[in-house]
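These are notes for a colleague who is opening this structure for the first time. Please read them as numbered points, with the model in view.

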Amino acid sequence: MRTVRTAVRVTGVVQGVGFRPFVYSLATGLGLTGLVGNDTDGVFAEVEGPRAAVEEFLHRIERDAPPLARIEKVTIWAMNPARSEQFFVIVASESSGPRRTLVSADTATCADCLRELEDPADRRHNYPFINCTNCGPRFTIVRDVPYDRPLTTMAPFAMCDRCAAEYHDPADRRFHAQPVCCSACGPRLTLDGSGKDPIEAAAALLRNGKILAIKGLGGYHLAADAAAGLAVTELRSRKHREDKPFAVMAAGLAAARELAEIDDAAAALLTSPARPIVLLPRHQGAAVAQATAPGNRQLGIMLPYTPLHHLLLAATTHPIVLTSGNVSDEPIVYRDDEAKERLGSIAGAFLTHDRAIHVRTDDSVARTFRGRPVLLRRSRGYVPEPLTVTAGFPRPVLACGAELKNTFCLAQGRHAFVSHHVGDLENAETLRSFTEGIAHFRRLFDIEPRVIAHDLHPEYLSTKYALDLADADPRLDLRGVQHHHAHIASCLADNGQSGPVIGVAFDGTGYGPDGTIWGGEFLVADLAGYERGGHLAPVPMPGGAAAIRQPWRMAAAYLGDTAETVARRHPDQWAAVTAMAAKGVNSPLTSSAGRLFDAAAALLGVRDAINYEGQAAVELEQLADPAELEAYPAGLDDGQGPFQAHGADLLHALLEDRTSGVPAPLIAARFHHGVAALIEAGCLRLRESHGLGTVALSGGVFQNLLLLTATVTRLEARGFRVLLHSRVPCNDGGISLGQAVVAASRS
Ligand code: ZN
Ligand code: ZN
Ligand code: FE
């Protein structure tokens with residue numbers, strides 16, 4: 001039989017996922033000799049043996065790859081047989097040369113590890129840091145590539161003999177699992193002020209209504225018993241978080257089903273290796289305190305994703321609130337020293353450990369829409385896996401994102417690396433996270449950006465950062481990308497499309513090139529450019545940013561003194577605010593859909609002032625009767641140029657219903673359906689003028705499930721093909737991807 005030798009190169013997410021052991025057992029099983037190793041490009045191997053066996057090897061390397069591997073490409077070439085080898089070996093990693101390897105995301109504890117965790121006979125029984133090649137920390141502990149223990153935050157822990165034996169045994173599930181450890185050699189869990197079993201002691205504290213700080217995978221969480229009203233209320237007040245919903249962790253699917261309705265798609269998302277927080281329709285009477293998600297029909301639930309969580313939830317026996325460890329809008333705390341400093345006054349005790357977190361990474365937030373997963377915050381569990389963009393990036397791009405819910409994106413070749421959730425770029429701490437994050441991604445993926453994309457808003461810190469970069473290095477090309485164009489381009493990239501489409505971008509705020517604030521936009525767009533096809537008729541925002549915090553000002557702006565009941569609630573300021581709006585003093589014009597929802601919420605008496613972004617619209621949605629399908633009418637004008645859609649028509653109809661005593665849930669529903677009908681009318685207009693049959697929906701307003709459902713239903717009934725977000729958020733967390741693809745198509 002003829003002996004052949006073939007070199008193989010595999011790129012993609014192939015490090016830290018058990019690829020070398022997989023190749024080793026595959027090759028030895030087939031009686032092949034040769035070698036396998038990691039380098040900065042991914043995995044390389046050489047296999048030698050009978051032709052049929054080598055071919056079988058090449059077939060199975062793709063078909064049977066480990067569960068966490070994401071193979072991008074397998075390249076092979078023939079070599080001369082060596083004939084002198086006796087074994088197949090794993091060779092040391094090489095770290096020189098350009099880096100093109102991919103780092104995998106943090107992954108929930110696998111079924112094998114879970115079995116060992118619960119097995120009293122196993123040497124890792126109840127060990128809170130159990131992991132293997134198929135699960136455990138990755139992105140959050142990686143300091144540099146190649147992915148090897150010395151370059152992770154596991155470096156200080158020297159493996160004991162038994163762990164080392166597993167690590168070096170090609171037949172073992174922990175063969176070359178970089179974070180492998182056990183209670184003899186690995187990180188230790190501690191609960192301050194307690195000599196007892198930290199898990200049992202922590203569970204007892206939670207049961208007694210105490211608030212705990214718990215060090216997780218990507219940062220510290222604050223925890224309280226989800227059913228304990230006083231504890232959850234206390235947590236809100238100490239955290240200075242008034243109404244924004246808290247997420248809950250339940251021990252497993254069965255426990256989660258007691259709290260919310262979970263269909264197959266939602267169950268798959270909840271139990272996926274990424275383990276996001278999933279927004280679910282909450283059962284009436286679910287055993288969670290009212291303060292967990294006040295006035296919300298939905299509940300954000302996640303399942304345990306680290307062994308520590310599994311042990312803790314087994315000990316508490318019921319669900320706990322698990323919210324990011326921070327005060328108000330600061331980024332999640334991830335260092336031990338800052339945890340004591342910042343969370344000391346919130347938490348009664350710290351359940352912590354000595355494995356450092358290298359990159360702060362918040363929990364991801366997702367939901368399903370028509371059986372498909374939809375990410376609302378793409379972070380822990382997903383990042384840093386790249387999104388593949390078919391058109392590619394001819395030159396490396398850094399896209400700096402927007403201001404709120406910031407992410408950045410580094411892109412090269414066909415890969416777009418959208419960052420973890422950085423947060424609202426409004427303070428020094430978040431800005432530091434942003435700049436350090438960019439430096440880290442550049443190093444990890446060896447990307448030297450030549451093109452810098454940014455929002456057009458001159459005051460965004462992300463814009464200023466982009467301009468500073470270009471100032472410092474004149475060879476960099478700057479590309480300003482209009483906010484809503486970026487939203488639509490992001491939706492196109494999310495769907496692997498390039499347009500042209502009708503893009504409906506409805507959000508709160510985005511800088512318009514005409515000096516007004518945009519946010520209710522109908523664009524005709526492709527990746528390279530856009531034309532403003534229509535928009536909500538602009539109204540003044542009396543007091544500028546104050547109008548965002550106080551929705552009642554938008555009712556004043558839209559309807560003036562007609563909004564009598566709102567006027568009566570604000571007797572001191574009403575005259576001044578309506579005058580400000582009428583005269584256009586400190587009242588920038590906006591076509592924002594978010595502000596239209598604000599006005600409706602104020603007119604219905606739902607909310608006059610907000611304490612988190614989008615709150616008025618969220619509460620208006622919660623109020624709406626899902627069975628009501630009637631829609632308020634709204635007109636489009638027939639002028640030249642972009643059409644204007646008259647959102648005010650909806651508000652007049654709302655007010656009329658209100659005056660004649662129609663119940664608020666019906667009114668709220670009719671308003672939502674009115675907005676959907678207005679979108680439908682706008683799209684029909686643009687289909688007529690531009691002959692386009694595809695609509696892309698983007699912008700944070702489409703997080704509103706009622707509006708989204710109504711809009712998609714109407715558009716599909718009219719024969720439109722509708723593109724929605726799935727892999728990146730429709731909110732500003734998706735902006736960086738949009739900026740990157742726009743910049744690439746213009747470079
Ligand atoms: Zn495992
Ligand atoms: Zn050990
Ligand atoms: Fe936006």
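**Notes on the model**

1. The centres of domain 1 and domain 2, taken over C-alpha atoms, are separated by 35 Å. Their contact (heavy atoms within 4.5 Å) takes 12 residues from domain 1 and 14 residues from domain 2. Between them the two domains bury about 1,100 Å², with 65% of it on carbon and sulfur atoms; buried area here is the accessible area (1.4 Å probe) that two parts lose on being put together, summed over both.

2. This is a predicted model, in which local features need pLDDT of at least 70 and side-chain atom pairs count only at pLDDT 80 or more, while totals for chains, interfaces and linings use all residues. Residues are numbered from 1 along each chain as its sequence is written, chains are lettered from A and ligands numbered from 1 in the order in which they are written, and side-chain values use heavy atoms, with hydrogens and water left out.

3. The domain assignment gives domain 1 (3-90), domain 2 (103-372), domain 3 (386-497 + 734-741) and domain 4 (501-686 + 696-722), and these bounds come from an automatic or database domain assignment.

4. Which residues coordinate the zinc ion (ligand 1)? Cys 110 (SG), Cys 113 (SG), Cys 132 (SG) and Cys 135 (SG) do so, at 2.3 Å, where donors are N, O and S atoms within 2.8 Å of the metal (3.2 Å for Na, K and Ca), and sites may look incomplete because water is not among the atoms. The 4 donor atoms subtend angles of 102 to 121°, which makes the arrangement tetrahedral; four donors count as tetrahedral if all angles lie between 85 and 135 degrees. Their spacing in sequence is C-x2-C-x18-C-x2-C. Cys 113 belongs to helix 3 (residues 111-118) and Cys 135 to the loop between helix 3 and helix 4, so the pair ties together parts that are 22 residues apart in sequence. Helices (H or I, at least four residues) and strands (E, at least two) are DSSP runs, numbered from the N terminus.

5. For the zinc ion (ligand 2), the protein donors are Cys 160 (SG), Cys 163 (SG), Cys 182 (SG) and Cys 185 (SG), lying 2.3 Å from it. The site is tetrahedral, with angles of 103 to 117° among its 4 donor atoms, and the donor residues are spaced C-x2-C-x18-C-x2-C. Since Cys 163 lies in helix 4 (residues 161-168) and Cys 182 in the loop between helix 4 and strand 6 (189-191), the pair ties together parts that are 19 residues apart in sequence. Both Cys 163 and Cys 182 are buried, a class that takes in residues under 20% relative accessible area, with exposed being over 50% and partly exposed in between (1.4 Å probe, protein chains only).

6. The iron ion (ligand 3) has as its protein donors His 483 (NE2), His 487 (NE2), Asp 507 (OD) and Asp 732 (OD), lying 2.1 to 2.2 Å from it. Its 4 donor atoms subtend angles of 86 to 171°, which makes the arrangement irregular. Along the chain the donors follow the spacing H-x3-H-x19-D-x224-D. Distant parts of the chain are linked by His 483 in helix 13 (residues 483-494) and Asp 507 in strand 20 (residues 501-511), 24 residues apart, and both of these residues are buried.

7. Helix 11 (residues 428-445) has 18 residues and reaches 26 Å from its first C-alpha to its last, close to the 26 Å expected, the expected span being 1.5 Å times one less than the number of residues. Its buried residues, including Phe 434, Ile 438, Phe 441 and Leu 444, pack against helix 10 (336-343), strand 16 (387-399), strand 17 (409-418) and helix 12 (461-472).

8. Most residues other than glycine have a negative phi, and most peptide bonds are trans. Asp 446, just after helix 11, takes a positive phi of about 50°, and at 35% relative accessibility Asp 446 counts as partly exposed. Asn 126 has a positive phi of about 60° and counts as partly exposed at 42% relative accessibility. The peptide bonds from Val 383 to Pro 384, with omega near 10°, and from Gly 499 to Pro 500, with omega near 5°, are cis.

How values were computed: Four donors count as tetrahedral if all angles lie between 85 and 135 degrees; four count as square planar and six as octahedral if opposite donors are over 155 degrees apart and all others between 65 and 115; anything else is irregular.
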